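Thanks for coming. I have one structure today, and I will start at the ligand and work outward. Please have the model open while I talk.

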Amino acid sequence: MEIFTQQGLAFLARWAHFLAGITWIGILYYFNFVQVPAFAEMEAGARSEALRKITWRALWWFRWGAVLTVASGLTILGFNEQFDADYLSSVAGTSILTGSALGIIMFANVWGVIWPAQKIAIGSAVTVAGGGQADPRAGAAGRRGLVASRTNTLFSISLLFFMAFTSHLAGAAHFSADPESGRLVTWWVVFGVIAAAIELNALGVFGGLGPRINTRPLDSIRNVLISGFVLIAVLYGLFEVLFKA
Ligand code: HEM
């Protein structure tokens, strides 16, 4: 059967990647676009119940969706027969490594920041519902999780761009077939500095988690979306300048 050939298995990994990716990013968007603004309008009791009954379940699909997305993405790379130094230094390889780097940062935010923060917030809601005292760490944890979650929403715009760009435009005649190594180095340095700065900001390294000037791009959904589209405009602009044929 065609599906059990190497090409078929690579295709199955791609299919799993889409299923897992929509699960992860779909719930990320639900948290950011629906749940956070709705919770802000709810009374404490209703919010606590929703945290324990809805958010808790959503988080399970969210974090395991993230695991499967990364695992299936790495599997697709593993099936890629041209996955060698030549591929990685091509325009397509640069594009998929850029998207994957963003995915790995986002994955680290899910498991290293958002999930631990939510465990504190939800644990506190469970204790209060049982008649106990709120966890004093819950407020700060909620803010930490929110900032990381909005940063992931910001990154997701560029991530999906590079995922799709790899096979659907990177190979076009418009792009250099064999980019010079100096240009590749420039790409990785500039991209690395920008991505690291955004991520370190999400971790509160630049003056805390605000709200203050450094968290302004994350202070509302509108600002997150604007910042996300500005980021891809800057990255793609640089990509064109460096790699056009
Ligand atoms: C570390 C994380 C990730 C890795 C290693 C990864 C890896 C890959 C690879 C290798 C491809 C095939 C590229 C090609 O040759 O065309 C791909 C495609 C794709 N990925 Fe990811 N990915 C990651 C995260 C994500 C996330 C979070 C999403 C969100 C939904 C996503 C969505 C997609 C989509 C839509 C494609 C479609 C490419 C096409 O047009 O066929 N990926 N990814």
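Start with arginine 14: an N or O atom of its side chain sits 2.4 Å from an oxygen atom of the ligand. Before going further, note that this is a predicted model, and the distances I quote are computed from it.

Two histidines come next. Histidine 168 places a side-chain N or O atom 2.5 Å from an oxygen atom of the ligand. For histidine 17, a polar side-chain atom is 2.7 Å from a nitrogen atom of the ligand.

How many residues surround the ligand? The count is 22, and the closest are Arg14, His17, Met163, Ser167 and His168. By class, the shell around the ligand has twelve nonpolar residues, nine polar ones and one charged residue. As for the space that the ligand takes, that is the largest pocket.

Which helices each supply at least two residues of this shell? They are helix 1, residues 6–41; helix 2, residues 44–79; helix 4, residues 91–129; and helix 5, residues 138–168.

Two of these helices deserve a closer look, beginning with helix 5. Its 31 residues should span 45 Å at 1.5 Å a residue, and the end C-alpha atoms are 44 Å apart, so the two values agree. There is nevertheless a bend of about 30° in helix 5, at phenylalanine 155.

Helix 2 can be treated in a similar way. From first C-alpha to last, its 36 residues reach 50 Å, which is close to the 52 Å expected at 1.5 Å a residue. Helix 2 also has a kink, of about 40° and centred on leucine 51.

Last, the chain as a whole. It contains seven helices and zero strands, so the order of elements from the N terminus reads α-α-α-α-α-α-α. Along its principal axes, the C-alpha trace spans about 65 × 50 × 25 Å.

That is what I have; questions are welcome.

How values were computed. Residues are numbered from 1 along each chain as its sequence is written. This is a predicted model: local features need pLDDT of at least 70, side-chain atom pairs count only at pLDDT 80 or more; totals for chains, interfaces and linings use all residues. Side-chain values use heavy atoms; hydrogens and water are left out. A residue is near a molecule or strand if one of its heavy atoms lies within 4 Å of it. A polar contact is a pair of N or O atoms within 3.5 Å; within protein, one must be able to donate a hydrogen and the other to accept it, and residues adjacent in sequence count only if both atoms are side-chain atoms. On a 1 Å grid over the protein atoms alone, a cavity is a set of points where a 1.4 Å probe fits but cannot get out, and a pocket is an open set with protein on both sides within 12 Å along at least five of seven lines; lining residues have an atom within 4 Å of a point. A molecule sits in a cavity or pocket if more than half of its atoms lie within 2 Å of its grid points. Helices (H or I, at least four residues) and strands (E, at least two) are DSSP runs, numbered from the N terminus. Ala, Val, Leu, Ile, Met, Phe, Trp, Tyr, Cys and Pro count as nonpolar, Asp, Glu, Lys and Arg as charged, and the others, Gly among them, as polar. The expected span of a helix is 1.5 Å times one less than its number of residues. The bend at a residue is the angle between axes fitted to the seven residues ending there and the seven starting there.
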